[in-house]
Amino acid sequence: MSASLKLQVTPTAIHDVLVIEPKVFGDERGWFTESFNAQDFAVATGLNVDFVQDNHSFSRQWTLRGLHYQLEQTQGKLVRVVAGSVFDVVVDIRKDSPTYGKWVGLELSAQNHKQMWIPEGMAHGFLVLSETAEFLYKTTDYYHPQSEACLVWNDPAIGIEWPLPQGIMPNMNSKDSAGLSWDAAPKF
């Protein structure tokens, strides 16, 4: 674990995937947090990244988005939730990685203020746990739909333990429903 005055950084089971916890200052009026500062991020993580795009999505409960990645113009992502809560999942698809084929999941919420740094070479997705959620993420490269790939959310070869209640199927678009199996999905 690494800490700066403003950020606490904790590696996950996939060492390059980091949980970022900004300091939150609160009193009877409410709270304030600096959600991103390039200098503090570099000091706390040892990473010098340039973000080129911000994305913001709104989703209803049990919506599952992902598991997405781009084969060209690969993206590092800094993700967070500003309303509601999600179960955020990352799968390591880097063939040379000691955690190849492994996944990590974490609840991100407006209440816990946690963020996750997801480096290039990962498939990423999330499941909305609250009635609705707003999900924000910064990317290190631009969206490149021609090289986008989607790993199927429920492949038993990966074994992601999505926190879905018994009998509930996730709400997904056709692209995500038709995601590729672990064996068929292109890797890095």
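This report describes salt bridges, the surroundings of one threonine and the internal cavities in a predicted model.

**Salt bridges**

The model holds seven salt bridges, and three of them are set out in the table below with the separation of their closest N and O atoms.

| Acidic residue | Basic residue | Closest N and O atoms |
|---|---|---|
| Asp40 | Lys6 | 3.7 Å |
| Asp27 | Arg29 | 2.6 Å |
| Asp54 | Lys138 | 3.2 Å |

In the bridge between Asp40 and Lys6, Asp40 belongs to helix α1 (residues 38-45) while Lys6 sits in the loop between β1 (2-3) and β2 (7-11), so the pair ties together parts that lie 34 residues apart in sequence. Lys6 counts as partly exposed, because its relative accessibility is 36%. Lys6 and Asp40 also take part, together with Glu34, in a network of salt bridges.

The bridge between Asp54 and Lys138 joins two strands, with Asp54 in β6 (residues 53-60) and Lys138 in β13 (residues 132-139), so that it ties together parts 84 residues apart in sequence. Asp54 has a relative accessibility of 55% and therefore counts as exposed. In the pair formed by Arg29 and Asp27, Arg29 is exposed at 74% relative accessibility, whereas Asp27, at 35%, is partly exposed.

**The surroundings of Thr140**

Thr140 is placed in the loop between β13 and β14 (148-150), and its side chain reaches the backbone nitrogen of Gly76 at 2.7 Å. Leaving aside residues up to four places away in sequence, Thr140 touches Val49, Asp50, Phe51, Val52, Thr74, Gln75, Gly76, Trp117 and Glu120.

**Cavities**

Two cavities of 30 Å³ or more are counted in the model. The largest has a volume of about 80 Å³, and its lining includes Lys6, Glu34 and Asp40, the three residues that are linked in the salt-bridge network. Also among the lining residues of this cavity are Leu7, Ile20, Pro22, Phe36, Phe41 and Leu78. The elements that contribute two or more residues to this lining are β3 (18-22) and α1, and by class the lining comprises six nonpolar, three polar and three charged residues.

The second largest cavity has a volume of about 50 Å³, and strand β7 (residues 64-70) gives the most to its lining, with three residues. Its lining includes His68, Tyr69, Gln70, Lys77, Gly121, Met122 and Phe188, and divides into three nonpolar, five polar and two charged residues. Thr74, Gln75 and Glu120 also line this second cavity, and these residues are among those that Thr140 touches.

Definitions and conventions:
Residues are numbered from 1 along each chain as its sequence is written. This is a predicted model: local features need pLDDT of at least 70, side-chain atom pairs count only at pLDDT 80 or more; totals for chains, interfaces and linings use all residues. Side-chain values use heavy atoms; hydrogens and water are left out. A salt bridge is a side-chain nitrogen of Lys or Arg within 4 Å of a carboxyl oxygen of Asp or Glu. Helices (H or I, at least four residues) and strands (E, at least two) are DSSP runs, numbered from the N terminus. Buried means under 20% relative accessible area, exposed over 50%, partly exposed in between (1.4 Å probe, protein chains only). A polar contact is a pair of N or O atoms within 3.5 Å; within protein, one must be able to donate a hydrogen and the other to accept it, and residues adjacent in sequence count only if both atoms are side-chain atoms. Contact means heavy atoms within 4.5 Å. On a 1 Å grid over the protein atoms alone, a cavity is a set of points where a 1.4 Å probe fits but cannot get out, and a pocket is an open set with protein on both sides within 12 Å along at least five of seven lines; lining residues have an atom within 4 Å of a point. Grid points are joined across faces, edges and corners, and a volume is the space filled by probe spheres set on the points. Ala, Val, Leu, Ile, Met, Phe, Trp, Tyr, Cys and Pro count as nonpolar, Asp, Glu, Lys and Arg as charged, and the others, Gly among them, as polar.
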